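Dear colleague,

I am handing over the structure we spoke of, with the sequence alongside. Below it you will find my notes, which keep to what can be read from the coordinates and from one database record.

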Amino acid sequence: MSNAFGVAWRIPCPGLRPLSLLPPNPATTTLRSVCRDLRISPPWRPYSISRRSFSPLNPLSSPTFQSAGLVPKFFPFAFPSRSFQTSGHLRSQPPPVEHGVHPCSQPLSAAEINAIFGRGRFSPEAGNRIIAVLQGRRLAGTLDLDLPDDITHSARQPAINAALKWLRANHPLDEDAAILARIDKEYYEEEQKLIRRAENLGLYKPQSGSYGAERGESNDPFGKSVLQEAREKNEARLLEEQEQKRREWLEGEELDRERQQQQIQNTAVQKFEEAPTLEVRERADPSQRPVLAWVQKHYIKGTDYDIDLEKMTTARRILPTLGVTLLTLVLCYAFALNYEPPTQRGRMWPDTPPAAATAMAIIGINLGIYALWKVPPAWRMLNRYFINAPLYPHALGVVGSVFSQQTFSHLAANMLVLWFIGTRLHDEIGRGNFLPLYMAAGVFGSMTSMVAHVMMGRLMVTSLGASGAMSGLVSAWCMLKPDDRLTVFFLPREWQEIISVRGSVFLTGIVAFELFNLVSPFRVARVDHWAHLGGYLVGAIWATAYNEEREKKRREEMTWFEKLVSE
């Protein structure tokens with residue numbers, strides 16, 4: 001309903017008041033007449049329609065409105081009359097008790113009631129009831145209607161006015177707006193009744209669509225959205241697919257167990273490995289433990305269960321790895337022959353010593369691979385190219401495993417050896433010899449470990465790490481400096497003189513320790529002894545060749561007299 005009607009006769013005042021609540025004056029008398037016109041009897045009764053039932057009625061044509069001078073010259077809206085009277089059957093029933101809305105969270109005290117109405121005029125219960133009923137009428141916009149009988153009989157006009165004055169001073173609100181909202185609501189209800197009645201009689205039809213048609217979300221008059229329906233269907237489909245994947249994931253545990261048993265039944269794995277190695281772990285429910293299920297999915301993706309192990313012969317496991325190892329050795333030799341150190345201005349870190357720069361670069365690569373092992377989506381790539389797995393080996397794994405560590409203790413031990421021994425060796429032989437020695441010792445050590453485990457049938461043993469490269473560096477240093485004494489760097493200087501050993505003795509001792517662990521039934525340390533021995537071998541061969549080459553150059557630079565004296 002348009003609010004033009006309310007605006008037409010609305011006068012500036014704190015609120016509309018019934019005649020019984022205001023002092024008699026011409027303005028309020030006119031306003032009382034207007035409010036009374038809003039409660040005229042309906043022109044029709046239930047189950048009967050008079051001639052005026054569907055005729056447009058204009059309440060502004062009332063003599064009261066005209067006499068009050070509140071009717072504008074042009075008012076384009078027509079309103080049906082409204083009725084608030086009940087039928088005779090309902091009039092016989094007692095009206096419901098009106099409790100109102102108390103403006104305060106707690107009832108007013110006797111002193112506050114006396115301050116509003118005067119001392120001894122009303123009890124606290126009666127005073128609070130008057131306040132609550134009037135506040136409820138203000139909120140509902142029904143101040144123009146008669147008050148309940150108990151209040152009308154007990155409270156006179158001055159008391160009601162005092163209560164309204166107190167409410168308007170302490171709890172102000174727009175009473176005119178409340179009345180207009182009530183008029184709009186009542187008009188809308190009457191209009192809907194007339195429309196439904198006319199629809200039933202076939203006398204009234206909407207301009208488009210149909211009455212009672214299904215509305216859209218949030219009571220949208222345009223109906224249901226096609227895009228919203230498509231979205232709901234897609235969401236339901238995605239949820240169904242997600243549930244299907246969850247069921248397949250949980251049911252795939254038994255299939256994985258059967259597949260793994262079929263793959264290893266023709267191999268010698270079960271003879272050397274313990275039972276827990278071959279067991280398939282229970283899968284986590286993604287809806288209950290999503291993180292664990294996510295990790296398990298990437299773990300399964302990183303395992304090559306689709307390889308036909310029956311076709312993986314010993315030759316197919318060893319020959320590709322052997323070919324990559326030989327190619328790496330050739331490239332390392334070519335690099336050592338053709339390497340030219342950069343000038344001071346051409347270096348990336350000109351203020352850093354070359355040995356420290358080389359060591360830091362290698363440490364950074366190892367740290368990066370170590371960090372990738374903590375990221376489950378990277379496991380599939382790492383299991384292919386950064387670890388040696390004799391069961392289903394990848395040839396490039398012997399190269400990537402030289403920079404790969406899964407535990408921090410393993411990484412820290414190798415990098416300490418690189419920093420304290422590798423940098424000294426780097427200063428001795430230069431970068432052109434250091435890098436080929438590092439790669440050759442690491443790759444050859446990885447190949448030695450993989451071949452040894454394949455030949456012994458220990459196909460489930462995996463190996464990785466820079467231990468083979470570190471073994472090559474230690475071996476080369478001990479061969480080049482056999483008389484230098486090695487000690488523990490963190491010991492006091494006095495102790496280092498006592499607890500030290502010559503390089504040749506140290507190399508002999510650690511090689512003997514590795515061999516003892518291989519033949520002994522007791523495991524002193526769980527390390528890859530085959531990779532260490534391969535690294536020691538490469539370092540010793542390289543150091544021997546380097547010493548011979550250095551001796552050859554020294555003799556070529558000697559004069560004939562120096563050669564005669566040396567002989």
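How far apart do the end C-alpha atoms of residues 356–373 lie, and what share of the span is helix? Please bear in mind throughout that this is a predicted model. In it, those two end atoms are 26 Å apart, and 94% of the span is helix while 0% is strand. I chose that stretch since it is listed in UniProt, in an unreviewed entry, as a "transmembrane region", a feature that the record also places at residues 318–336, 437–455 and 501–523. For residues 437–455 the corresponding distance between end C-alpha atoms is 27 Å, with 100% of the span in helix and 0% in strand.

As for the chain overall, it contains 24 helices and two strands, and buried residues account for 37% of its 567 residues. Of the contacts between residues at least 6 apart in sequence, 72% link residues at least 24 apart.

Two helix pairs

The axes of helix 15 (residues 354–372) and helix 18 (residues 408–429) approach within 9 Å of each other and cross at roughly 160°. Because angles over 145 degrees count as roughly antiparallel, helix 15 is roughly antiparallel to helix 18, and the crossing of the two is right-handed. On the side of helix 15 the contact includes Pro354, Ala359, Ile363, Asn366 and Tyr370, while on the side of helix 18 the residues include Phe408, Met415, Trp419, His426 and Asp427. Sorted by class, the contact of helix 15 with helix 18 comprises 14 nonpolar, four polar and one charged residues.

Helix 6 (residues 124–140) and helix 8 (residues 157–170) form another pair, with axes that come within 10 Å and cross at roughly 65°; this crossing of helix 6 and helix 8 is right-handed. Helix 6 contributes Ile130, Ile131, Leu134, Gln135 and Arg138 to the contact, and helix 8 contributes Ile160, Ala163, Leu164, Trp166, Leu167 and Arg168. Here the contact of helix 6 with helix 8 divides into eight nonpolar, one polar and two charged residues.

Individual positions

Ser404 sits in the loop between helix 17 (397–400) and helix 18, and its relative accessible area of 0% means that Ser404 is buried. Neighbours within four places in sequence aside, Ser404 is in contact with Asn366, Ile369, Trp373, Phe386, Leu464, Gly465 and Ala466; Asn366 is also among the helix 15 residues that meet helix 18.

Another loop position is Gly457, between helix 19 (431–455) and helix 20 (467–480). Gly457 is buried, its relative accessible area being 15%, and its C-alpha atom is separated by 9.4 Å from that of Thr314, although the two residues are 143 apart along the chain.

Within helix 14 (residues 314–338) lies Thr328, which is buried at a relative accessible area of 11% and which, neighbours within four places in sequence aside, is in contact with Val399 and Val443.

Finally, Ile179 belongs to helix 9 (residues 175–201) and is buried, with a relative accessible area of 4%. Ile179 and Asp144 are 35 residues apart in sequence, and their C-alpha atoms are 9.0 Å apart in space.

With best wishes

Technical notes:
Residues are numbered from 1 along each chain as its sequence is written. This is a predicted model: local features need pLDDT of at least 70, side-chain atom pairs count only at pLDDT 80 or more; totals for chains, interfaces and linings use all residues. Side-chain values use heavy atoms; hydrogens and water are left out. Axes are lines fitted to C-alpha atoms, for helices over the stretch in contact, and angles run from 0 to 180 degrees between N-to-C directions. Helices (H or I, at least four residues) and strands (E, at least two) are DSSP runs, numbered from the N terminus. Angles under 35 degrees count as roughly parallel, over 145 as roughly antiparallel, 65 to 115 as roughly perpendicular and the rest as oblique. A crossing is left-handed if the near helix is turned anticlockwise from the far one by less than a right angle, and right-handed if clockwise. Contact means heavy atoms within 4.5 Å. Ala, Val, Leu, Ile, Met, Phe, Trp, Tyr, Cys and Pro count as nonpolar, Asp, Glu, Lys and Arg as charged, and the others, Gly among them, as polar. UniProt positions are given in the numbering used here, feature names are shortened, and annotations may be inferred rather than shown by experiment. Buried means under 20% relative accessible area, exposed over 50%, partly exposed in between (1.4 Å probe, protein chains only).
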